[in-house]
Amino acid sequence: MLDLLNTAIEETRRVRSDDKQLILLGTSLLHPADVFMSLWKELAPKMPKFQIRLVQLQEDLNSRNREYAMLGRSSDLIVGTFDSTTLKQSFSAIQLGAYHFGIAVRSDNPLAQLDEITYSDLAHRKVLMVSTGISEKNDLVRSEMLAAEPSIQPIDTSGRYDINTFNETVEENIAMISLTPWKRIHPNLVTVPLKTSVTVPYGLLSTKFPGKKTADFLHEFTKLVPTETQSHS
């Protein structure tokens with residue numbers, strides 16, 4: 001009887017484990033998931049029917065939004081930046097925080113020695129950034145930058161950043177607009193904070209119609225996340 005009881009208990013545990021809803025969270029160099037995973041360690045015991053599986057994002061190079069284009073295809077969710085431009089393109093977001101702008105330069109560039117970079121420090125320099133229309137916040141920094149220092153020469157990328165953008169910054173020894181989570185992507189780059197009040201919200205991104213499983217996860221998640229870190233768009 002005890003053997004039968006033990007078998008029944010183990011079978012119940014196995015069934016409960018198998019019944020977990022698997023949520024695929026996309027991750028990449030440019031979309032690290034560590035901020036969310038730190039939060040998930042605290043939330044997982046309160047959301048026992050869900051399990052997170054990390055999946056490596058494969059870039060869709062035909063899309064201006066790249067990894068964002070993979071949402072709903074190879075992943076249910078990603079941690080990424082967003083603004084009104086992004087949200088017009090069939091995405092939804094739950095804000096988790098805000099990233100700050102910085103300027104990434106090669107370690108032997110004189111700008112790397114500064115504690116903070118102002119727009120005047122970038123006078124007559126080439127600055128690599130995404131082209132207009134992709135990121136509302138990037139467009140705001142561009143306008144602010146050129147208004148303050150018209151001699152700056154913006155160099156546009158063909159879309160959102162990829163690893164080649166960081167390589168180009170090193171090889172051409174130019175400056176690049178960067179964000180908080182990208183500080184350690186390239187070992188030869190140093191990121192110095194940019195003096196600006198503009199920040200970029202980041203959060204948990206999904207498609208606007210993510211399917212029942214993901215919608216249920218997001219519903220429970222938003223009930224547990226502290227209200228000060230949460231923002232529906």
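**The largest cavity**

Begin with the largest cavity, which encloses about 310 Å³ of space. The model shown is a predicted one, and 2 cavities of 30 Å³ or more are found in it. To centre the view on the largest cavity, select T81, V130, R160, L179 and W182, which among its 22 lining residues are the closest to its centre.

Next, colour the elements that contribute two or more residues to this lining: β3 (77-81), β4 (91-106), α4 (136-148) and β7 (175-179). Strand β3 supplies the largest share, 3 residues. If the lining is then coloured by residue class, 14 of its residues are nonpolar, 5 are polar and 3 are charged.

**The aromatic cluster**

Now select F36, W40, F50, F217 and F221, and display their side chains; ring pairs link these residues into a cluster. The structure as a whole contains 9 aromatic pairs. A pair of rings is described by the distance between the centres and the angle between the planes.

Within the cluster, turn to F50 and F217. Their ring centres are 5.3 Å apart and their planes stand at 85°, so this pair is edge-to-face. F50 belongs to strand β2 (residues 50-56) and F217 to helix α6 (residues 212-224), so that the contact joins distant parts of the chain, 167 residues apart. Are F50 and F217 buried or exposed? Both are buried.

Keep F217 selected and add F221. These two rings form a stacked pair, with 6.0 Å from centre to centre and 15° between the planes. F217 and F221 both lie in helix α6, 4 residues apart, which is about one turn of the helix. The relative accessible area of F217 is 0%, so F217 counts as buried. F221 also has a relative accessible area of 0% and is therefore buried.

**A salt bridge on helix α6**

Remain on helix α6 and select E220 together with K49. The two residues form a salt bridge, in which the closest N and O atoms are 3.4 Å apart. Which parts of the chain does the pair tie together? E220 lies in helix α6, whereas K49 lies in the loop between α2 (34-43) and β2, so the bridge connects parts that are 171 residues apart in sequence. E220 has a relative accessible area of 18% and is buried, because the cut-off for that class is under 20%. K49, with a relative accessible area of 42%, is partly exposed.

**Further salt bridges**

The whole structure contains 5 salt bridges, and two others may be visited here.

Select R142 and D156, whose side chains meet in a salt bridge at 2.7 Å, N to O. D156 is in strand β6 (residues 153-156) and R142 is in helix α4, so the pair ties together parts that are 14 residues apart in sequence. R142 is buried, at a relative accessible area of 11%, whereas D156 is partly exposed, at 43% relative accessibility. Helix α4 was also among the elements coloured at the largest cavity, where it gives two or more residues to the lining.

Finally, select R106 and D108, where the side chains form a salt bridge at 2.9 Å, N to O. R106 is partly exposed, with a relative accessible area of 23%. D108 has a relative accessibility of 51% and so counts as exposed, the cut-off for that class being over 50%.

How values were computed. Residues are numbered from 1 along each chain as its sequence is written. This is a predicted model: local features need pLDDT of at least 70, side-chain atom pairs count only at pLDDT 80 or more; totals for chains, interfaces and linings use all residues. Side-chain values use heavy atoms; hydrogens and water are left out. Rings of Phe, Tyr and Trp (its six-membered ring) pair if their centres lie within 6.5 Å; planes under 30 degrees apart count as stacked, over 60 as edge-to-face and the rest as tilted. Buried means under 20% relative accessible area, exposed over 50%, partly exposed in between (1.4 Å probe, protein chains only). On a 1 Å grid over the protein atoms alone, a cavity is a set of points where a 1.4 Å probe fits but cannot get out, and a pocket is an open set with protein on both sides within 12 Å along at least five of seven lines; lining residues have an atom within 4 Å of a point. Grid points are joined across faces, edges and corners, and a volume is the space filled by probe spheres set on the points. Ala, Val, Leu, Ile, Met, Phe, Trp, Tyr, Cys and Pro count as nonpolar, Asp, Glu, Lys and Arg as charged, and the others, Gly among them, as polar. A salt bridge is a side-chain nitrogen of Lys or Arg within 4 Å of a carboxyl oxygen of Asp or Glu.
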